[in-house]
Each structure stands twice: as structure tokens, then as C-alpha cells.
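Colleague: I'd like a close look at one part of this protein, and I'd rather have one connected account than a list. Could you pull up the model and walk me through it?

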Amino acid sequence: MPQLAQRVGRAKPSAIMVIAEKAKQLKAAGRDIISFSIGVPNFLPGEHVYAAARESLSHDSGQYGSNRGAEALLDAFLKHIEALGFSGYTRMNLSIGIGAKQVLYNLAEALLDEGDEICFAAPYWTTYRDIADIVGAKTNVMHCGPERNYKLTPSQLDAALARKPKVFLFNNPSNPTGMVYTGEEIAALAEVLVKHPDTWVITDDIYNSMVFDGLGYHNFVFAKPELRERVIFVDSVSKTYGMPGWRVGLIAGPEVVAKAITTLNSNHITSLPEVITAAAVAALSGPQDIPKAKCAEFAGKRDTVVAALNAIPGVVCPRPQGAFYAFPDISVAFGKSHNGTKIDSDVEFCAALLEAKGVACVPGSAFGEPRALRISYTCPSAQLEPGLQRIQQFFAELV
Ligand code: PLP
């Protein structure tokens with residue numbers, strides 16, 4: 001019997017999908033389930049996006065497209081990132097992929113040889129570790145607990161970069177914590193990056209349109225423009241425009257990296273489909289009122305979630321300032337029981353909560369923080385408060 005490649009043995013199914021699947025099964029069996037598990041924006045793009053897709057269909061060429069991305073898409077993305085604060089980039093600095101996830105996988109292939117080191121902060125988006133494992137990279141995880149709002153400090157970064165990792169992978173706003181770095185915090189980390197010229201820096205900032213409290217979006221290259229030689233900014237239409245199923249991811253970075261991604265594209269994905277490209281162009285260059293309205297809505301929901309969680313004795317929920325996640329420390333429940341079910345870990349907590357109250361959350365250990373769980377709060381408002389009340393009841397019933 002032939003064997004699978006070793007790298008497949010290192011690949012694990014996403015922990016987030018496992019919980020979402022279990023919630024789906026319970027729902028199909030007639031249970032009343034409220035899902036806080038999957039990180040989907042839960043809104044659809046504007047009509048102009050669908051109109052652009054229909055229009056594109058009516059004169060579809062049926063052909064392969066550009067490995068780098070169609071010129072119209074690259075130009076729309078250039079304008080979009082200029083509005084964010086990136087200046088001096090050209091089409092040669094850009095490339096595309098099938099969503100940010102595939103872009104990140106491509107970047108790992110382009111930047112990491114087997115045995116190279118990649119460092120990132122925990123809590124981290126689960127896929128970071130999975131991609132590193134698949135390409136055979138070593139990971140150095142910098143732990144950032146709730147006591148410091150899950151944020152990386154300059155001294156922590158300095159120590160990690162002293163090991164000369166090949167890649168530092170950064171995520172702002174954060175999935176799973178919803179934390180956002182201020183302009184000052186980004187500038188302080190950028191100071192450290194300048195001192196370590198041997199490391200590529202990936203900023204996976206796909207939630208950049210969902211920043212609350214007037215904090216604004218900041219990138220290392222705004223603070224230290226010389227970092228443009230090493231910083232790769234990753235973006236996506238998934239969360240900003242309610243288009244996770246359309247699968248469009250983009251990068252802006254050094255020409256050499258954009259070229260490498262384009263070459264890899266020519267070997268696996270070839271190009272984005274024409275209709276999808278037209279929709280993405282319309283999203284990026286059309287009216288931005290839906291993302292703005294959603295950002296305001298999520299900021300309001302954030303307030304509801306944080307207030308409900310921090311009202312539970314012993315639960316600590318640092319206040320998120322972006323994306324649509326909250327990441328409370330629920331370790332106060334460990335060692336207790338619910339209806340005779342002993343809870344000793346985040347995984348047992350989430351399983352018992354789903355079983356007893358029909359509320360699906362993702363265990364924090366999936367993100368490298370086993371004291372916490374992730375709540376994705378984009379569900380309809382009518383479900384949000386009842387879901388939070390069920391969590392409060394669950395805690396009240398612990399003995
Ligand atoms: N990066 C982060 C931090 C994410 O949370 C996600 C999706 O959840 C992605 C990347 C992937 O996004 P896309 O849908 O563009 O593949």
C-alpha cells in the first residue's frame with residue numbers, strides 16, 4: 001500500500017469546523033442551537049457587487065486570467081490600500097489568491113524552507129500553526145495572556161526576533177481576541193522590527209475595516225516606511241464586504257514577494273475567475289456604506305457581549321476593539337461540574353455548554369490559549385442576548 005506524504009500527517013482538520021459541524025448536527029436533530037462558533041460576517045454584499053457579477057457574465061471570455069490578478073482588480077486594490085494609508089505601491093507590489101487563507105499558504109511556501117522558524121503571538125488564528133506544520137516550519141509562539149489584553153509587547157518581540165526567525169506573522173485586528181493595536185503600539189513594535197533585518201513580516205490584517213472606538217487601522221510601514229522592503233500586507237474581501245464564499249485574497253508587499261506568489265499561482269490556481277474578479281472590483285471600488293454600517297453594528301454588539309460576560313463572577317473578558325470576536329477567560333469554571341458533568345478544560349466546557357444550553361463556542365486551545373473560548377458575535381441580534389443569557393445560566397448552574 002503506498003503511503004501519503006508526511007506533510008498530510010501533519011495536517012489537522014480545523015478545530016473551528018469540528019464545533020460548527022457538531023452544532024449543525026444538533027440543529028438538524030431538532031435542537032434549538034445558537035452558534036457563536038464560526039467566524040463569518042453574516043451579511044451579504046451590496047447590490048452593486050451582484051450587478052457587476054451579472055454584467056461580467058454577459059460578456060464572459062471563458063478564458064484563463066492573469067496569475068497576478070486582472071489589472072482592474074489590482075488598480076482597485078491599489079486605490080483601496082492608498083485610502084488605508086499605504087503609499088507608493090504599484091501593480092508590481094501586488095498579487096492575489098483564493099482568499100487570504102490560500103494567500104497565507106502561498107506565502108509560507110514562498111518564504112519558508114523546511115526547518116525554518118516562524119514566530120507569531122498566541123492567541124493566534126488556528127490556521128497559522130496548521131500552515132506552518134504543513135510546510136514543515138518550526139514555530140515559536142509568543143504567549144500574550146488576558147492580563148495584558150492579549151497583546152504582544154516590544155520586548156517579547158525583540159526576544160523572539162533575536163532567534164532570527166525567517167518570518168514574523170502578525171494579525172491586527174486579531175482573530176480570536178478582537179484586539180486592535182493603537183498607532184503608538186504599532187510604532188513601538190516597528191522600532192523593534194527595524195533592528196532585525198533578517199526577518200520577513202506578514203501582517204494578516206483582513207479585519208482592517210472593522211476597527212472601533214476611533215482607533216483607526218495602523219501598519220508597521222506607516223510608522224517605519226523602510227520596512228516596506230520586508231512587510232507583506234494581506235487583505236481579503238471576505239469579512240469587509242460579506243463575501244467569504246467568493247474567495248478573493250490579496251497582498252501588497254515587496255516586488256520580489258509579489259512575483260514569487262504570482263509564480264506559485266501560475267503553478268496551482270492559475271487565476272481568479274472573471275466573474276469573481278468583477279465582483280471584487282465592484283466591492284473594493286464601490287460605495288463603502290455597508291462595511292461602515294456593519295462596523296458600527298459590531299461595535300454595538302461588542303458592548304453587549306463584553307457587559308454580559310464580565311457580569312459573570314470570575315470571567316475576564318478584555319474589551320475587543322475590532323473584528324467580531326470576544327475571547328473571555330473562563331478558567332474559573334475549571335474543576336467545577338454542570339449537571340454532574342465535570343469540567344476540567346476549555347474543550348470540556350464548550351462541549352458541556354453546547355450539550356446543555358445549545359450554545360456553540362470554540363475552545364481557546366484551538367487558538368493556543370486553553371483558559372479561554374472564542375465567541376463570534378455576528379449572529380442576528382435576536383439571538384445574541386438569549387445566547388449570552390444561556391452562558392450566564394450555565395455558569396450559575398456550576399457547582
Ligand atoms: N486571516 C484571519 C485572521 C482570519 O480570521 C481569516 C478567516 O477567518 C482569514 C485570514 C482567511 O480569510 P479568507 O476568507 O480570505 O480566506
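Which residue does aspartate 303 form a salt bridge with, and how far apart are the closest N and O atoms?

Modeller: Before anything else, keep in mind that this is a predicted model. The partner you're after is arginine 319, and the closest N and O atoms of the two are 3.2 Å apart. The pair ties together distant parts of the chain: aspartate 303 sits in helix H12, while arginine 319 is in the loop between H12 and S9, 16 residues apart. As for accessibility, aspartate 303 comes out at 35%, so it counts as partly exposed. Arginine 319 is partly exposed too, because its relative accessible area is 41%. And the pair isn't on its own: salt bridges that share partners join Asp213, Arg302, Asp303 and Arg319 into one network.

Now for the helix that carries aspartate 303. H12 covers residues 289-310, and its 22 residues should span 32 Å at 1.5 Å a residue. The C-alpha atoms at its two ends are 32 Å apart, which agrees with that expectation. Quite a few of its residues are buried: Pro291, Lys294, Cys295, Phe298, Ala299, Lys301, Arg302, Val305, Val306, Ala308 and Leu309. The cover over these buried residues includes strand S9 (325-326), strand S14 (373-376) and helix H14 (381-396). Notice that Arg302, a member of the salt-bridge network, is on the buried list as well.

There's another salt bridge to look at in H12, between lysine 301 and glutamate 297, with 3.2 Å between the closest N and O atoms. Here both partners lie in the helix, 4 residues apart, or about one turn. That spacing fits a general rule: an α-helix has 3.6 residues a turn, so residues three or four places apart point the same way. Lysine 301 has a relative accessible area of 5%; buried means under 20%, so this lysine is buried. Its partner glutamate 297 reaches 30%, so it counts as partly exposed.

If you follow the chain out of H12, the loop that holds arginine 319 leads to some neighbours of glycine 178. This glycine lies in the loop between strand S5 (167-171) and H8. At 0% relative accessibility, glycine 178 counts as buried. Setting aside neighbours within four places in sequence, its contacts are Pro320, Gln321, Gly322, Ala323 and Tyr325. To get your bearings, you can also find phenylalanine 120, whose C-alpha atom is 16 Å from that of glycine 178, with their positions 58 residues apart along the chain.

H8, which comes after the glycine's loop, brings us to one more salt bridge. Lysine 151 and glutamate 185 meet through their side chains, at 2.9 Å from N to O. Like the pair you asked about, this one links distant parts of the chain: lysine 151 is in the loop between strand S4 (138-143) and helix H7 (154-161), and glutamate 185 is in helix H8 (residues 183-194), 34 residues apart. Lysine 151 has 11% relative accessibility and therefore counts as buried, whereas glutamate 185, at 29%, counts as partly exposed. For the wider setting, the structure holds 19 salt bridges.

Terms used: Residues numbered from 1 in each chain as written. Predicted model: local features only at pLDDT ≥ 70, side-chain atom pairs only at ≥ 80, totals over all residues. Heavy atoms only, no water. Expected span 1.5 Å × (residues − 1). Buried < 20%, exposed > 50% of the residue type's maximum accessible area, 1.4 Å probe, protein only. Contact = heavy atoms within 4.5 Å. Salt bridge = Lys/Arg side-chain N within 4 Å of Asp/Glu carboxyl O.
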